[in-house]
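Colleague: I'd like to go through this one with you, starting with any empty space inside and then moving on to a sheet. Can you put it up?

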Amino acid sequence: MEDRVGYCLPPSLCQSRPWLMISHGQDAQRQTFFDISKNYYYSKIIPELRDKLICNSSYGWLVLQDYTTQDYSLLNLVSMEMIQLPPIEFSTNEYCILWLPPSDPNSHLLIVFKDFLMLWRPGDTEFVRKEFLFDVEFNSFSTINVHEGNIYALVAPHKDIVKADFKDPIIHFKKLINGEKPTLGLQEGQVFYKSYLVECNNEMLLVYKIYSASFLSHGVVSTFEIFQLDYSNDAWIEVKDIGERTIFLSEYQGRSSLVSNPQVKTNSIYFTQHRHLCIFDLDDQSIELSLPCPIVSKSNSAFCWIWG
C-alpha cells in the first residue's frame, strides 16, 4: 500500500460518523467520498472497487460483490486488505450482515437470501447453508438488522417482527410480539413506503420511509415515521424525537450515530434520493436537499454510507 498514490486510496474514515460514497463512471470505476462534516468531496479511483456492488459497510470493512463473476469479497478501507471469499452458486441476495470484523474469532458473514442464508467464518473454505423456519406466515424480508448480538427482521406479508434463533441445522425465526402492528398515517398520494430496522440508543427502531407516489413511477420521499419496539408492553410506540442522534439510511441498511460535529444535524435522518443528499428534520418535518457532487450523473451511480 505504501507505493500507491493518493487518488487510489480512500480518505481517512471516522468512527463516529459515516462518509457518503458514490460509485459512478464506466464499470463503477470512480468513487467519490463526501464528508458531511465539511461539505466537501474527494474523487478517487480505487481499483479494488471497480465493477463492485457494495453490499454492506461495517467496522471499516466493505462486503463487495463482483458485478461480473458474482463472487464476494471483503475489503478493509484502512489497510486495503482484501479477503476473497469462497464462491457460492447463488447471486441475488436480499441482505448481507457482517457480524464483528474478520479479525475477531467470533466474526460471521451472513448472506441472506429469501428462504435461506449462507454463513462464512474467517478461515472457512466454503460457505455453510442454513435453512429458515418461521413461526409466522412469510413471503419476504422487509428489513433485517442486528441488535445487541441478535438478528431481528420485519417480514411480509403481515409486518411481523421476528428474532433469529440459531439451531443447527436451521435458523428458527420466532415471532417477537403479538400486539398491534404500527399504523402509518398515510396521506392522499402516499401509496408506497420502505422499512428499516435501526438500532438507536440501545433500542430497536422501525423507520418507515414514505413516498409521495409509487416507487415505480419515481416518486419522491415525503416524510418518515418511526416506531420503537416496547418489549414490556408487547407493542410498538411512535417516536417523534431521537435526541442527539442521527439516522443514516442506505438502500437496504440503516444505522444511527451520536455525532459530535456541529455541521451534522441531530434528531434527523440522512438519506439519498436520485443524486441528492437529503436531510429529514424530525423537529419541523422538513426535507433539505443538496448536491454532494456535481460530476455524478443521474444514472449509473450508486450511493452508500461507509463506516469506520
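Modeller: Here a cavity means a set of grid points where a 1.4 Å probe fits but cannot get out. Keep in mind that this is a predicted model.

Colleague: How many cavities of 30 Å³ or more does a search of the whole structure find?

Modeller: The largest cavity holds about 50 Å³ of space. The second largest has a volume of about 30 Å³. With that cut-off, the count for the whole structure is 2.

Colleague: Which residues line the second largest cavity?

Modeller: Its lining divides into 3 nonpolar, 2 polar and 1 charged. By name, the lining residues are Phe248, Ser250, Gln253, Arg255, Trp305 and Trp307.

Colleague: And how many charged residues are in the lining of the largest cavity?

Modeller: That lining is made up of Lys159, Asp160, Ile161, Lys175, Ile177, Asn178, Gly179, Lys181 and Trp236. Asp and Lys count as charged, whereas Gly counts as polar. The split is 3 nonpolar and 2 polar, with the charged residues numbering 4.

Colleague: On to the open sheet of 4 strands: which are the edge strands?

Modeller: The strands run in the order S3-S2-S1-S25, and their pairing is antiparallel. An edge strand pairs on one side only, and that applies to S3 (40-44) and S25 (301-306). From one strand to the next, the twist averages 20 degrees. So, cutting to the names: the edge strands are S3 and S25.

Colleague: What is the bridge partner of Leu20 in S2?

Modeller: S1 (residues 19-24) and S2 (residues 30-35) pair in the antiparallel sense over 5 bridges. In S2, the partner of Leu20 is Phe34.

Note on methods
Residues numbered from 1 in each chain as written. Predicted model: local features only at pLDDT ≥ 70, side-chain atom pairs only at ≥ 80, totals over all residues. Heavy atoms only, no water. Pairing = 2+ DSSP bridges. Helix = DSSP H or I, 4+ residues; strand = E, 2+ residues; numbered from the N terminus. Axes fitted to C-alpha atoms, helices over the stretch in contact; angles between N-to-C directions. 1 Å grid on protein atoms, 1.4 Å probe; cavity = no way out; pocket = protein on both sides within 12 Å on 5 of 7 lines; lining within 4 Å. Points joined across faces, edges and corners; volume = space filled by probe spheres on them.
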